[in-house]
Amino acid sequence: MGRAILVIEDEAVLGKNIRIYLERSGYDVRVAGSAEDGLAMLDVFKPDAVILDFNLPGLNGLEALTRVRAFDSGIPVIMITGHGTVELAVEAMKSGARDFLTKPVALGKLKLLIDKAFDEKQRDSALDYYHRREADATDLASLFGDSPPMVALKNTLRQLLDAESQLQDTDAPAVLVLGETGTGKELVARALHFNGPRRDKPFVELNCASIPAQLLESELFGYERGAFTDARERKLGLVETAEGGTLFLDEIGDMDLSLQAKLLKLLEEKTVRRIGSLRDQRVNVRIVAATHRPMETLVREGSFRADLYFRLCVFQLSLPPLRERGADILSLARHFIALHAARYGKSPPALTREAEALLLAHCWPGNVRELRNVLEQAVLLATGPTIDAPQLSLSTGVTVQSLPHAAPESASAAPAASAAPAASQTLEDMERRALLDALRQTGWNVSRAARMLGISRDTLRYRIDKFGLTVASL
Ligand SMILES: Nc1ncnc2c1ncn2[C@@H]1O[C@H](COP(=O)(O)OP(=O)(O)OP(=O)(O)O)[C@@H](O)[C@H]1O
């Protein structure tokens with residue numbers, strides 16, 4: 001179950017002692033008495049680390065090191081050298097050994113080096129994600145809003161964080177964050193991570209809708225060298241990369257059914273298996289998932305596994321749409337004005353009464369993201385000390401009052417792409433209708449809708465954002 005370590009050591013007693021010592025620490029250890037035997041085991045045993053003696057009969061340690069590195073340069077190798085062979089040790093480090101020990105081997109020290117090598121390896125893989133995330137850690141205070149639904153949400157978040165800080169094991173419950181697009185689901189996921197006991201570990205994020213199912217599987221679970229044609233080197237999956245931290249699975253409702261089964265196994269057994277591996281790897285990762293899709297409907301329709309859904313929503317948080325947050329709209333607007341004014345080196349313009357009234361009346365299909373974008377544009381274009389209503393380019397002009405009638409494209413309407421355009425229709429109207437039509441026909445399945453429209457899934461997602469489309473727009 002533990003990580004696999006290959007010991008290449010011709011001194012049988014030392015080899016055995018290393019094996020027993022490391023096995024007691026939970027590692028899966030195999031010993032080979034020669035470099036030749038050890039190298040032959042690489043492909044079958046697929047070690048996570050190699051401990052390699054320098055003085056071996058036949059092929060020497062340095063040559064064996066080169067071969068291990070050629071097999072997979074990601075495997076950390078720790079060399080064991082005889083006394084007084086510092087030059088050799090330096091040579092080994094230059095050839096890519098992670099570390100070295102001199103004989104007689106202190107087993108405790110050897111284990112520390114192994115642990116350190118694994119930590120470093122995992123840290124390296126997490127670097128991209130971790131450092132980027134670390135830079136903009138999210139505080140609970142950055143979740144703006146004093147409206148009753150936002151206060152209730154923040155109280156629940158605090159309760160959850162309090163309970164977690166008392167948690168005696170590592171088994172933090174999964175959290176499902178629901179809400180329309182742009183309501184702040186990712187912000188909540190970050191707040192959960194960066195304010196909780198896992199804050200010093202990686203926050204790794206993956207959008208399940210943005211990559212094809214096969215790629216998603218290897219991104220999530222990683223693969224062994226040779227697992228498929230392009231797998232030239234072992235790759236750690238994001239689950240392993242997030243060790244000790246949080247894996248944020250955005251757009252979970254779009255996850256393929258075959259992958260859902262694997263995710264369920266991860267949640268239930270806390271293990272992952274890299275593609276092409278025979279070994280399960282124990283992991284300690286907290287899952288936060290989010291979606292704008294109606295999960296219960298997906299479950300009913302059979303496109304989302306009920307058992308996974310129940311596992312994921314041990315704890316469920318729902319973000320209210322912006323249109324239900326009352327005066328928060330204005331405080332958020334002022335916050336974004338200040339933010340963008342600072343970015344563009346301007347003094348923050350004030351909203352006129354008319355502008356405020358317009359902001360309050362708009363239905364915000366793109367929610368906080370739309371508000372943020374509208375105000376960025378308004379700040380950028382503002383020439384005086386105020387922002388007035390005409391300067392707010394609210395795309396659709398849809399108001400809360402008009403919302404029930406906001407979908408003129410009824411389910412029975414002919415596909416917009418093939419319908420003759422009405423004289424007053426702009427190109428944008430037509431495009432919006434075509435997108436909505438495809439999304440409606442596929443039950444908001446972004447992949448299928450993209451295929452139907454002949455565009456990529458990313459392009460469709462971009463356009464959904466651009467038009468601020470939500471399920472409510474259907
Ligand atoms: N309560 C809030 N306070 C401040 N900023 C917010 C708030 N909610 C959302 N935002 C901002 O709005 C934008 C969209 O938020 P976020 O990406 O978290 O939404 P989302 O629900 O995850 O969207 P999607 O479903 O499209 O992935 C971000 O720039 C975020 O910082």
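Reader: Why are H8 and H10 called roughly parallel to each other?

Author: Happy to explain, with the note that this is a predicted model. Helix H8 (residues 213-221) and helix H10 (residues 257-269) pack at an angle of about 15°. Angles under 35 degrees count as roughly parallel, so H8 and H10 are roughly parallel to each other. Their axes lie 10 Å apart, and the crossing is left-handed.

Reader: Which residues make H8 and H10 meet?

Author: From H8 come Ala213, Leu216, Glu217 and Phe221, which meet Ser258, Leu259 and Lys262 in H10. By class, this contact of H8 with H10 has four nonpolar, one polar and two charged residues.

Reader: And why are H13 and H14 called oblique to each other?

Author: Helix H13 (residues 328-343) and helix H14 (residues 353-361) pack at an angle of about 120°, with their axes 9 Å apart. Roughly perpendicular covers 65 to 115 degrees, and roughly antiparallel needs over 145. An angle of about 120° fits neither class, so H13 and H14 are oblique to each other. Their crossing is right-handed. Ile329, Leu330 and Ala333 of H13 make the contact with Glu356, Leu359 and Leu360 of H14. The residues of this contact divide into five nonpolar, no polar and one charged.

Reader: Good to know! What surrounds the ligand?

Author: A shell of 16 residues, and the closest are Phe144, Gly184, Lys185, Glu186 and Val368. Helix H7 (185-194) and helix H15 (367-381) are the elements that give two or more residues to this shell.

Reader: Which domains does the shell around the ligand draw on?

Author: Domain 2 (136-318) and domain 3 (322-391) each supply at least three residues. The shell holds four nonpolar, seven polar and five charged residues.

Methods. Residues numbered from 1 in each chain as written. Predicted model: local features only at pLDDT ≥ 70, side-chain atom pairs only at ≥ 80, totals over all residues. Near = placed C-beta within 6 Å. Helix = DSSP H or I, 4+ residues; strand = E, 2+ residues; numbered from the N terminus. Nonpolar A, V, L, I, M, F, W, Y, C, P; charged D, E, K, R; others polar. Domains from an automatic or database assignment. Axes fitted to C-alpha atoms, helices over the stretch in contact; angles between N-to-C directions. Left-handed = near helix turned anticlockwise from the far one by under 90°. Contact = placed C-beta atoms within 7 Å.
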